[in-house]
Amino acid sequence: MRGKSRREFLKFVAVGGVSFLVHNFIYLFLTHFAVNATLAYSAGYVSWAATNFILSNYITFHTRPTVKSAVGFVVSACLYYLIQLVGFTLCRWLAVPDVIITPLVYTIAFPANFFMVRYVFRRWA
């Protein structure tokens with residue numbers, strides 16, 4: 001990666017970090033109160049998506065949210081969610097501790113998300 005792409009990626013990592021913290025907090029908070037783990041993970045993911053869409057527009061890619069970019073983001077977020085859900089389900093099956101699942105799944109799925117979201121904000125914004 002060079003120049004602009006590298007800066008975008010670093011900002012994407014920072015935005016992703018904030019969004020991840022929101023997701024992980026919601027997930028751990030809900031599972032603490034005995035909410036079904038998959039439901040808690042999904043609720044956290046929705047909060048991640050909202051946070052990530054807004055911050056990616058304004059901070060990472062310097063664009064304004066539009067209906068077109070929102071649709072593209074939802075499509076990429078759904079694909080990202082499916083990737084994460086497979087990883088999440090596998091981790092649950094392997095009895096990975098709850099506190100480790102979200103960071104592990106994000107680490108695996110994060111690179112694919114960068115390229116999907118960058119495509120959306122460069123082509124659809």
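## A tour from loop to helix

Start by selecting A34, which sits in the loop between α1 and α2 (37-60). Helices here are DSSP runs of H or I with at least four residues, numbered from the N terminus. You are looking at a predicted model, in which local features need pLDDT of at least 70 and side-chain atom pairs count only at pLDDT 80 or more, while totals for chains, interfaces and linings use all residues. Residues are numbered from 1 along each chain as its sequence is written, and side-chain values use heavy atoms, with hydrogens and water left out.

**Two loop residues**

Stay on A34 and check its backbone: phi is positive, about 65°, although A34 is not a glycine. Most residues other than glycine have a negative phi. A34 has a relative accessible area of 70%, so it is exposed (exposed means over 50%, buried under 20%, and partly exposed in between, with a 1.4 Å probe and protein chains only).

Next, select H62, in the loop between α2 and α3. H62 is not a glycine either, and its phi is also positive, near 50°. With 57% relative accessibility, H62 counts as exposed.

**Along helix α3**

Now move to V67, in helix α3 (residues 67-93). Because its relative accessibility is 68%, V67 counts as exposed. Add V71, V75, L79 and L82 to the selection: together with V67 they form a nonpolar surface patch with about 470 Å² of accessible area. Such a patch joins nonpolar side chains (Val, Leu, Ile, Met, Phe, Trp, Tyr) within 5 Å, taking residues with over 30% relative accessible area and no salt bridge. The areas come from the Shrake-Rupley method with a 1.4 Å probe, and for residues only the protein chains shown count as cover.

Buried or exposed: which is S76? S76 is also found in helix α3, and at 4% relative accessibility it counts as buried. To get a ruler along the chain, draw a distance from S76 to F88: they are twelve residues apart, and their C-alpha atoms are separated by 18 Å.

**The salt bridges**

How many salt bridges does a search of the whole structure find? There are two, a salt bridge being a side-chain nitrogen of Lys or Arg within 4 Å of a carboxyl oxygen of Asp or Glu.

Select E8 and R122 for one of them, where the closest N and O atoms are 2.7 Å apart. This pair links distant parts of the chain, with E8 in helix α1 (residues 3-32) and R122 in helix α4 (residues 98-123), 114 residues apart. E8 counts as buried at 6% relative accessibility, whereas R122 counts as partly exposed at 43%.

Then go to D98 and R92, whose closest N and O atoms are 2.8 Å apart in a salt bridge. D98 is partly exposed at 28% relative accessibility, and R92 is partly exposed at 39%.

**How the helices cross**

Finish by showing the helices as cartoons. Colour α3 and α4: they pack at an angle of about 155°, with axes 9 Å apart. That makes α3 roughly antiparallel to α4 (over 145 degrees; under 35 is roughly parallel, 65 to 115 roughly perpendicular, and the rest oblique). Axes are lines fitted to C-alpha atoms, for helices over the stretch in contact, and angles run from 0 to 180 degrees between N-to-C directions.

Swap α3 for α1: α1 and α4 pack at about 140°, with their axes 9 Å apart, and are therefore oblique to each other. The crossing of α3 and α4 is right-handed, and α1 passes α4 in a right-handed crossing too. Right-handed means that the near helix is turned clockwise from the far one by less than a right angle, and left-handed that it is turned anticlockwise.

How values were computed
Patch = residues over 30% accessible without salt bridge, like charges linked within 9 Å, V, L, I, M, F, W, Y side chains within 5 Å. Helix = DSSP H or I, 4+ residues; strand = E, 2+ residues; numbered from the N terminus.
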